[in-house]
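Here is a walk through a two-chain model, going from single residues to helix packing and the contact between the chains. Have the viewer open as you read.

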Amino acid sequence: MLVFIILPFFFAIWFSLTNQRLISPNPTKFIGLSNYTQLLSVGTIVLEPERDASGAVLRDKDGEIEYPRLRTFTRNNPDHPKIDGMREWFSWQTGPNDEFKRVILAKDVVFMRALKNTFVFVIVVAPLQAGLALMLALLINQRLRGINVYRAIYFMPVVISIVVVAFLWRLIYDGNNGLLNNLLGAISFGAIEPIDWLGQTSTALGAIIGMSIWQAVGFHMVIWLSGLQTISPTLYEAAELEGSSKLQTFRYVTWPGLRNTAVLILIVITMQAFGLFAQVDVMTNGGPLDSTQTIVFQAIERGYGKQDISGGSAISVILFVIVLSISLIQRYLTRERI
Amino acid sequence: MSVLQSDNYRLRLFVRYLVLTLIAAIFIFPLIFMVMSSLKPSQQLLVDSGSLRAFLPVGDISLNNYTLAFQRAPVGLFVMNSLFVTGVTVLSSLFLCSLAGFSIAILDWKGKAVVLSAILATLTVPFETIAVPLLLMSSKLPWVGMEGLEFGWLNSYRVQIVPFIADGLTIFLFVQYFRDLPRDLIEAARVEGASWWTVYHKVLMPLSGPVIATAAILKFLAMYNQYLWPLMVVQEEGYRPVLVGLQYFFQLNTAWGEIMAYLSLITVPVLAFYLVLQKAFIASIASTGVKG
């Protein structure tokens, strides 16, 4: 226990401060925080449009404004030491007439995208999955004949490995003959064109989110159910006697009784969502165009794939700090109500 | 009046079942699709997924894909590896963690509270964050084997087993369960002159059926479905578990029929196991929820 969890954790912090590699002829050196600055440095610059002699803005054939090349600022330019070696992350138009271009730069653009994607994933998945699971739990909590059969079916994907599920859904999401495209086509009588769900940047992360929820929602349904069953039936009887509507009963009887469960579920989902890896590894490998890169995928790709233990460890430590602070915030926000 | 009411009741009942069934379809159809596809040649599989035939065992049905899957990869070996690693880990984990739980819940010693809170703290560290340093550590650990002392744990069974024997959740489940047992029982046994070891395996363990089932099921699911760790530490075919073995099916051409056969092969036994013990599975997940 001590050896395999606590020790590696401290190793992670130590390695992240060095240039450790899995197999290296050079001895390990202490390099301080440079792994972190390498990962986290961001900068910004405003590009002014190119103008001709009279001061009019130059435009290319398509009418787009022309700007000087970013490289001239980021490659050994003594006037801009802060953004040396950085690359473009994203940009937007700014200034009078939207002629200027504000560019956000980062030393490690891929890692920045991974950070963003992971946060998007967590922010979408946590409330959506918790909400859907609660709805399922309420449905299952009825007294109906054969309800256990439904409960068993809803829970079924949970016992299957996420890796198996990811492979299966790769076929379902397939751009040409995928089940999902055919289903959408059949429902809309061919109005919806087939979509390459995992192959384009706009849908890939969403596809992974949908599949992840499909797999895990049963798990949280069961936890909600166990919370629902701790609420005393006398409370419901009282509410019924008072003539409260279904919505009122939920609002004033069920929901207050579920507070602890809600906190637990949100924390558990958040933790799991930050660990997003297997789905990405199986389905997209981080692509297309880094649109499904995640923090853990980056940590593994560097620490294992490129044998850069220190880089991977630094990412691990960053992930841990994020998870820790989020669970502290969640605990703080829900503190008085418990 | 009463006829109207009962009609109304029937309609509402029908709607309820309809909703439940529609949702059930979302969960179950992909799985049916998987098993049915595993029986069809890859070509027909892709054509069939355009219609309801995707969910029916029609057309050119055979176990051909299974034969092909066995030819392409040493499937039997992978399954044995997975079962071996999972089995050994579950058994040794149950033994070690129940002992740890016993020591924390029943015995009196200094620093117990600190140890317990340290164990609980490990629950908040996602495994993904320690995977990379653990990899480096494992590559340098010593081991006394047949050929004397050797270093490096990569490509072995032990690297897949040892790190997962002690885990915070299992210990915690046992601590909780042991604490709720009546103290009189233990004291009576002690008065009779039983050693602590006797108390543990003659008094406590026979009473621990439910918690053992819970811990075993959770551990089994976690171990059998492991992916990240074996992917990192096992490069040799001989020690590979089933999920990492999937890589075999993406060389050169992707034969979906074979992949579906392989997926069905490693999933259906677990599903069957689950359906038989369905109540215990769900109870074990629910019991982890109550703790919060």
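In which helix of chain B does B:Arg183 lie? The residue sits in α9, which covers residues 183–191 of chain B. Keep in mind as you look around that this is a predicted model.

**Two residues to start with**

Is B:Arg183 buried or exposed? B:Arg183 is exposed, because just 9 other C-beta atoms fall within 10 Å, and a residue counts as exposed at 12 or fewer. If you step 100 residues along the chain, from B:Arg183 to B:Ala283, the two C-alpha atoms turn out to be separated by 25 Å.

Over in chain A, have a look at A:Leu144, which lies in the loop between α4 and α5 (147–159). A:Leu144 has 14 C-beta neighbours inside 10 Å, so it counts as partly exposed. From A:Leu144 to A:Thr201 the C-alpha distance is 44 Å, with their positions 57 residues apart in sequence.

**The two chains**

Here is how the chains are made up.

| Chain | Residues | Buried | Secondary structure | Contacts joining residues at least 24 apart |
|---|---|---|---|---|
| A | 338 residues | 38% | 14 helices and three strands | 61% |
| B | 292 residues | 38% | 15 helices and two strands | 72% |

For the last column, the percentages are taken among contacts between residues at least 6 apart in sequence, in chain A and likewise in chain B.

**The nonpolar core**

Now to the inside. The largest nonpolar core has 148 residues, and A:Val163, A:Ala166 and A:Met221 are the ones with the most contacts inside it. The element that gives the most to this core is α4(A), with 14 residues.

What does A:Met221 touch, leaving aside residues up to four places away in sequence? Its partners are A:Ala133, A:Leu136, A:Ala137, A:Ile140 and A:Tyr154.

**α4 against α11 in chain A**

Helix α4(A) also packs on α11, residues 259–274 of chain A: their axes come within 9 Å and cross at roughly 145°. The crossing is right-handed. On the α4(A) side, the contact uses A:Thr118, A:Phe121, A:Val122, A:Val125, A:Ala126, A:Gln129 and A:Ala130. On the α11(A) side you'll find A:Ile265, A:Leu266, A:Ile269, A:Thr270, A:Ala273 and A:Phe274. If the spacing of those numbers catches your eye, recall that an α-helix has 3.6 residues a turn, so residues three or four places apart point the same way. By class, this contact between α4(A) and α11(A) has 10 nonpolar, three polar and no charged residues.

**An enclosed helix**

Why is α13(A) described as largely enclosed by the rest of the structure? This helix spans residues 295–305, and 10 of its 11 residues are buried, so the surroundings largely enclose it. Among the buried ones are A:Phe297, A:Gln298, A:Glu301, A:Arg302 and A:Tyr304. The buried residues of α13(A) pack against elements of both chains: α4 (109–140), α12 (278–283) and α14 (309–333) of chain A, plus α6 (127–138) and α12 (228–233) of chain B. After the helix comes A:Gln307, which has a positive phi, near 55°.

**Where the chains meet**

How many residues does each chain bring to the contact? Chain A brings 61 residues and chain B brings 56 residues. On the chain B side, the elements giving two or more residues are α1 (2–37), α6, α12, α14 (256–276) and α15 (278–290). The largest share of that side comes from α1(B), with 11 residues. Sorted by class, the chain B side has 43 nonpolar, 11 polar and two charged residues.

One helix pair across the chains deserves a look: α6(A), residues 162–172, and α14(B) pack at about 150°, with axes 11 Å apart. That angle makes the two helices roughly antiparallel, since over 145 degrees counts as such. α6(A) passes α14(B) in a left-handed crossing. From α6(A), the residues A:Val164, A:Phe167, A:Leu168 and A:Leu171 meet B:Trp256, B:Ile259, B:Leu263, B:Ile266 and B:Thr267 of α14(B). This contact of α6(A) with α14(B) has eight nonpolar, one polar and no charged residues.

Notes: Residues numbered from 1 in each chain as written. Chains lettered and ligands numbered in written order. Predicted model: local features only at pLDDT ≥ 70, side-chain atom pairs only at ≥ 80, totals over all residues. Buried ≥ 20, exposed ≤ 12 C-beta atoms within 10 Å, placed from the backbone. Helix = DSSP H or I, 4+ residues; strand = E, 2+ residues; numbered from the N terminus. Contact = placed C-beta atoms within 7 Å. Nonpolar A, V, L, I, M, F, W, Y, C, P; charged D, E, K, R; others polar. Core = buried A, V, L, I, M, F, W, Y, C linked by C-beta atoms within 7 Å. Axes fitted to C-alpha atoms, helices over the stretch in contact; angles between N-to-C directions. Left-handed = near helix turned anticlockwise from the far one by under 90°. Parallel < 35°, antiparallel > 145°, perpendicular 65-115°, else oblique.
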